[in-house]
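User: I have a model open and would like to talk through its rings, its surface and its backbone. Can you take my questions as they come?

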Amino acid sequence: QCLLLSIGLIPAADGAHSSDLHRLPLSEPTAAEYFGLPEQRDSLMPLERVRNIGPEEFERRIQRGIPFIVEDAGDGNPFLGHSCEDFARRWPQAQMRSEYTGGREEKFIRLGDG
């Protein structure tokens, strides 16, 4: 108990938030506090849309942890605009990992089985 009382008396170091002094040791901030977002939102936060960003800017944005959309990420890709059916017709025996498929048990499925 003495240790906990003394923590509240230590002045905040440079860069520390004053709210940090009121937390219990080892407690973690909420996601909103960590990312500097409002606690309660009535609607979804709009995603920032970016174009023509380089690797350094992409890495900086990823490290911030806030989702964003790269609008021109597929530019120049010959498969841009192809549908799942197009891929299944071209490579019917190809295997893909089954993720978010509504209860399928198998881990891998053939593209042609869709």
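User: Which residues do ring pairs link into a cluster?

Analyst: This is a predicted model, and in it the cluster held together by ring pairs consists of Phe79, Phe87 and Trp91.

User: How many aromatic pairs turn up in the whole structure?

Analyst: Searching the whole structure gives 4 aromatic pairs. One of them is formed by Phe58 and Phe68, whose ring centres are 5.9 Å apart and whose planes stand at 75°, so this pair is edge-to-face.

User: Where do Phe58 and Phe68 lie?

Analyst: Phe58 belongs to helix α3, which covers residues 55–64, while Phe68 belongs to strand β2, which covers residues 68–70, so the pair ties together parts that are 10 residues apart in sequence.

User: And is each one buried or exposed, Phe58 and Phe68?

Analyst: Phe58 has a relative accessible area of 38%, so it counts as partly exposed, whereas Phe68, at 16% relative accessibility, counts as buried because the cut-off for that class is under 20%.

User: What lies over the face of Phe68?

Analyst: That is Arg61, which is placed over the face of the Phe68 ring at 5.5 Å from the ring centre.

User: Switching to the surface, which residues make the nonpolar patch?

Analyst: Tyr34, Phe35, Leu37 and Met45 make a nonpolar surface patch of about 380 Å². Of these residues, Leu37 is found in the loop between α2 (31–35) and β1 (48–50), and with 30% relative accessibility Leu37 is classed as partly exposed.

User: What about the protein as a whole, how much does it expose and what share is buried?

Analyst: The protein exposes about 10,100 Å², with carbon and sulfur atoms supplying 56% of that area, and 7% of its 114 residues count as buried. Looking at contacts between residues at least 6 apart in sequence, 9% join residues at least 24 apart.

User: What pattern do the helices and strands follow along the sequence?

Analyst: The protein has 4 helices and 4 strands, and read along the sequence they follow the pattern α-α-β-α-β-α-β-β.

User: Last topic, the backbone: which residue has a positive phi although it is not a glycine?

Analyst: That residue is Asn52, with a positive phi of about 55°. As background, most residues other than glycine have a negative phi.

User: Where is Asn52, and is it buried or exposed?

Analyst: Asn52 sits in the loop between β1 and α3, and its relative accessibility is 70%, so Asn52 counts as exposed, the cut-off for that class being over 50%.

Conventions: Residues numbered from 1 in each chain as written. Predicted model: local features only at pLDDT ≥ 70, side-chain atom pairs only at ≥ 80, totals over all residues. Heavy atoms only, no water. Patch = residues over 30% accessible without salt bridge, like charges linked within 9 Å, V, L, I, M, F, W, Y side chains within 5 Å. Areas by Shrake-Rupley, 256 points an atom, 1.4 Å probe, with all protein chains shown as cover. Salt bridge = Lys/Arg side-chain N within 4 Å of Asp/Glu carboxyl O. Helix = DSSP H or I, 4+ residues; strand = E, 2+ residues; numbered from the N terminus. Buried < 20%, exposed > 50% of the residue type's maximum accessible area, 1.4 Å probe, protein only. Phe/Tyr/Trp six-rings, centres within 6.5 Å; stacked < 30°, edge-to-face > 60°. Lys NZ or Arg CZ within 6 Å of the ring centre and 35° of its normal. Contact = heavy atoms within 4.5 Å.
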